[in-house]
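Trainee: Could you take me closely through one part of this structure, the open sheet, and explain how its pieces are arranged?

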Amino acid sequence: MERQKTQVEEIGRELYDIRDENRPDYQVAPGLTEEIVREISAGQNEPEWMLKLRLKSFKIFKKLDMPAWGPSLHELDMDQIVTYVRPKADMTDDWRKLPDDIRNTFDRLGIPKAEQESLSGVGAQYDSEVVYHNMKEQMREQGVIYADMQTALREHGDLVKAHFMKLLPPSDHKFMALHGAVWTGGSFVYVPAGVNVELPLQSYFRLNAPGAGQFEHTLIICEKGSKLHFIEGCSAPQYNVLNLHAGGVELYIREGATLRYSTIENWSKNMLNLNSKRALVEKDGAIEWISGTFGSHITMLYPSSILKGEGARSEYIGVSFAGKNQFLDTGCKVIHAAPNTSSTMSSKSISKAGGNTTTRTSVTVQPQAKNSKSSVLCEALMLDNLSRSDTIPGMDIRTDEVDIGHEAKIGRISEGSIYYLMSRGLSEEEAKAMIVRGFVEPVTKELPLEYAVEMNRLVGLELEGAIG
Amino acid sequence: MKRPLLCVRGLHAALESGEEVLRGIDLEIEPGEVHVIMGPNGSGKSTLANTIMGSPAYEVTQGEIAFEGEDITAVSVDARAKKGIFMAFQTPEEIDGITVFDFLRTAQVAAGGKPVSFFAFHNQIQSSLDALQLDGACAQRYLNVGFSGGEKKKSEILQLLTLNPKLAILDETDSGLDVDAVQVVTEGILRYKNKKNALLIISHSTRLLDKLPVDKVHILCHGRFVHTGNRGLIDEVNTNGFARFAPAEAR
């Protein structure tokens, strides 16, 4: 049968699934003990305060319960998770210096090409360590810092110390505590006042080792009036053991600064993706979250924005696509803590073949946040009778002088629309793909072209059922 | 031997509920012909159009539909489109997030048209938009989303002109159009029409037909053709209504 005539481009899932042979330079034993935490710390050459933070986090981890809400995490056995895997590669700013298998992996994912064509800088993490980090010279000249976290700790220690896990303290929840104990890798970005980083920076996280965890930490500081677009990509090959991702993303947006944080997440379907992201936005600053969640067995991900300064703004646009055996629990949380702040959340979720999507939104308006505005729109599209979508909105409004809107639309794909498109020559699958592509268009149109193409490919892949 | 473009024989079709809507339709359309189907509300006009297109909402319980000599009764909707059947919908669907231009380009290839260069295609669309007095910006709007009633009908004709099918079924294309829009849509249809292709026009009113050549007019009542004649029938219906044609059991 002829297929794939639509503009949903055809690629194989194989692209993401090619595994490199797992031959790490070194890895810790499975499970989590104080010895392992100390062992990871010792390998990082890090300051004493970081070891203290790790040990404190480990204590909190032991005390905290698993989350009692959301998808069941009963499959997770921490005793089986390897929390640190060091690849056989030293960090470099030259792709050619990487071992062949690692370089080929990032080549296939199109990272070096994107770096040349459309990015200001790239960081690439493989398992627990960043193996490549580089930024265009002109950005460096303007004082922009873009470095792996280990280098940042060494070269900008005070700046890191003042911000690290201050927005996401280890006491926040069990997986933040885990993150605090065993984090490695990730990126640090500092954009000086008034600097506009025109092309995006991108960090890509690749987890190759089976049964491993990835716990990268991303810390971004955008000074007064600066502007940045940061892109985060993630993928992993498929294994039949669980992998765990519990990264942490902390974003500090100073007065009048704008940060767009885009994520296209395509973890393999054996991944528990329990990621935490939080932004603190000062006066007239703005955070724009663009979030695409395609992969993973279970995802719990709710980027949150604290609108601390007057006139601060938060935008969230998210899309998730759950297939068979996937539980994608996503959403956004905003705290309005100052007058005249505004937030919008627009979530699109798609489920098929028994997939589950849940959208949680939370809006808190504190008493002092007068004249604030918030609008929430959740739309869910179910492609069959097996699939499930839930929308769980939360609102806590402590002042009358606000403008709040919430709208939720949940529906099945329209038979009438499929018939209409088929009457123009599209096959049933092509018609569905087009409807889904249109449904996620509000997200794709916000992405740089290459990522929009990537998103469309992922939508196409999911529809084909190529992903198990 | 010359064979008709469309040949419908003894066609019965029912709704999912089992209710029979078409009760034995015979229809032959030759290349180059224009056929008109008229009939009171609920007589089965749209059902016939949708059954020829292959809508899953109706089940063919008896009879057959052949296109260019090939039995297509069990053929899927998209395969019928690829063979050259097109229907302008009475109520076109809104497809959010897909621009008219992208849609047309995808459909043009999907329906079996030769891929043409981006610029040639762009020019072709622009020319059709002009003919239909649609704003050029229309091509960048999402398909039928937020279109007025008139724009939706024109969008169907734009698709007709782009896909250039062998048989075009127009299901109540003139309903909801003002006088000027009827004029423009008529021009659009004339732009499509040639000696090789055919039109099956389902119409409630007759304004659309004033300037179109009409070969045959069928009166549909209670799922059957009760009368077939030439263009003169249109005037008769306009003057006297359908009462005279209704079958005895329905009077």
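Mentor: What follows is a walk along the sheet, and then a short look at the chain around it. This is a predicted model, in which local features need pLDDT of at least 70 and side-chain atom pairs count only at pLDDT 80 or more, while totals for chains, interfaces and linings use all residues. Residues are numbered from 1 along each chain as its sequence is written, and chains are lettered from A and ligands numbered from 1 in the order in which they are written.

In chain B, 6 strands (strands are DSSP runs of E, at least two residues, and helices are runs of H or I, at least four, numbered from the N terminus) form an open sheet with mixed pairing, in the order S6-S7-S8-S3-S9-S10. Strand S6 (85–88) and strand S10 (224–229) of chain B each have a single partner strand, so one side of each is left without a neighbour in the sheet. Neighbouring strands are turned by 20° against each other on average, direction ignored, with axes being lines fitted to C-alpha atoms, for helices over the stretch in contact, and angles running from 0 to 180 degrees between N-to-C directions.

Within this sheet, strands S3 (residues 34–38) and S8 (residues 198–202) of chain B pair in the parallel sense over 4 bridges, where pairing requires that DSSP finds at least two bridges between two strands. Here His35(B) stands opposite Leu200(B) in S8(B). Helix H1 (residues 45–53) of chain B packs on the sheet, touching S3, S6, S7, S8 and S9 of chain B, where contact means that C-beta atoms, placed from the backbone, lie within 7 Å. The direction of helix H1 makes about 150° with that of S7(B).

Around the sheet, the secondary structure of chain B comes to 7 helices and 10 strands.

Terms used
Contact = placed C-beta atoms within 7 Å.
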